[in-house]
Amino acid sequence: MKKFLLPLLFLFLFLLESLFVQYLPEDVFGHNPILVPHFLFVAILFLTIFVDKKQGIIYAAIFGLLFDIVYVEIIGIYLFVYPFISYIISKIMQILQTNMIIAFLSTLFGIALLEVGVYEMNHLIHVTNVDFMSFINLRLYPTLILNAAFIIIAGYPLKRLFEKHAEALRVE
């Protein structure tokens, strides 16, 4: 049963992102910022940080492909970016000490990389015509604030869950 806990958690977070966007009022802050929840990606990065680089990259590739299939017209953007950023975060964590503050900052850095990478890909293939400063003000800052709030709320429970998962992997 414990084998299915992790995929079910990631599937739940995948669905929660969609529900969050669907039920969040449009003018919640008055000036229509674009809030993009990356709850699934936060959990994947926490898995990469607190359990194992290999598992994090595998889950990142699987759910990146799923994200591309369900939400994006172009297959491959999230399939490439999720594992790539997970790999970068794993390399950063080899240098830095693994604690909640560093995990918080590294995860926010990963989300910023994700947002900028997807924006640049969309800008490159002319899917968006928003200039970079507008993107930063309308999407990047609100997205980072939203996901920072999610990390503050769910970060410690995720950390504990992944530490128990890592311990169970060591015992087997």
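**Why is it called that? Helices and their neighbours**

Reader: Which residues of H3 are buried?

Author: In this predicted model, the buried set of H3 is Gln 55, Gly 56, Tyr 59, Ala 60, Phe 63, Gly 64, Phe 67 and Asp 68. Being called buried takes a relative accessible area under 20%.

Reader: And what covers those buried residues of H3?

Author: The cover includes H1, H2, H4 and H6.

Reader: How do you know that the length of H3 agrees with what a helix should span?

Author: Count and compare. H3 has 19 residues, so at 1.5 Å a residue the span should be 27 Å, and the end C-alpha atoms are 26 Å apart, which agrees.

Reader: What do you get for H4 if you set its reach against the expected value?

Author: H4 also gets a good match: from first C-alpha to last, its 19 residues reach 28 Å, close to the expected 27 Å.

Reader: What about the 25 residues of H5?

Author: For H5 the expected span is 36 Å and the end C-alpha atoms are 35 Å apart, so that agrees too.

Reader: Why are H4 and H5 called roughly antiparallel?

Author: Look at the angle. Their axes cross at roughly 150° and come within 10 Å. Anything over 145 degrees counts as roughly antiparallel, so H4 and H5 get that label. As for handedness, H4 passes H5 in a right-handed crossing.

Reader: Which residues make that contact?

Author: On the H4 side you'll find Ile 77, Tyr 78, Val 81, Tyr 82, Ile 85, Ile 88, Ile 89, Ile 92 and Met 93. H5 brings Ile 102, Ser 106, Phe 109, Gly 110, Leu 113, Leu 114, Val 118, Met 121 and Asn 122. Sorted by class, that makes 15 nonpolar residues, three polar and no charged ones.

Reader: What makes H2 and H4 oblique?

Author: Same test, another angle. The axes of H2 and H4 cross at roughly 40°, coming within 9 Å. Roughly parallel would need an angle under 35 degrees, and roughly perpendicular runs from 65 to 115. The angle fits neither label, and the rest count as oblique, so H2 and H4 are oblique to each other. H2 passes H4 in a right-handed crossing.

Reader: Which residues are in the contact of H2 with H4?

Author: From H2 come Leu 40, Phe 41, Ile 44, Leu 45, Thr 48 and Ile 49, and from H4 come Tyr 82, Ile 85, Ser 86, Ile 89, Ser 90 and Met 93. The classes here are nine nonpolar, three polar and no charged.

Reader: Which helices do the buried residues of H4 pack against?

Author: They pack against H2, H3 and H5. The buried residues of H4 include Ile 77, Pro 83 and Met 93.

Reader: And the buried residues of H5, what do they pack against?

Author: H2, H4 and H6. Among the buried residues of H5 are Ala 103, Glu 115 and Asn 122.

Reader: Why does Asn 122 count as buried or exposed, whichever it is?

Author: Asn 122 has 18% relative accessibility, so it counts as buried, the limit being under 20%. Apart from neighbours within four places in sequence, Asn 122 is in contact with Ile 77, Val 127 and Thr 128.

Reader: How do you know whether Lys 159 is buried or exposed?

Author: The relative accessible area of Lys 159 is 15%, so it is buried. Lys 159 sits in helix H6. Skipping neighbours within four places in sequence, Lys 159 is in contact with Phe 46, Phe 50 and Met 100.

Reader: Why does Leu 24 get its accessibility label?

Author: Leu 24 comes out at 25%, so it is partly exposed, since that label lies between 20% and 50%. Leu 24 is in the loop between H1 and H2. Leu 105, in helix H5, is partly exposed as well, at 49%.

Reader: What makes His 126 stand where it does on that scale?

Author: Exposed means over 50%, and His 126 has 71% relative accessibility, so it counts as exposed. His 126 lies in the loop between H5 and H6.

Reader: What is the phi of His 126?

Author: It is near 60°, a positive value in a residue other than glycine. Why point that out? Because most residues other than glycine have a negative phi.

How values were computed: Residues numbered from 1 in each chain as written. Predicted model: local features only at pLDDT ≥ 70, side-chain atom pairs only at ≥ 80, totals over all residues. Heavy atoms only, no water. Helix = DSSP H or I, 4+ residues; strand = E, 2+ residues; numbered from the N terminus. Buried < 20%, exposed > 50% of the residue type's maximum accessible area, 1.4 Å probe, protein only. Axes fitted to C-alpha atoms, helices over the stretch in contact; angles between N-to-C directions. Left-handed = near helix turned anticlockwise from the far one by under 90°. Contact = heavy atoms within 4.5 Å. Nonpolar A, V, L, I, M, F, W, Y, C, P; charged D, E, K, R; others polar. Expected span 1.5 Å × (residues − 1).
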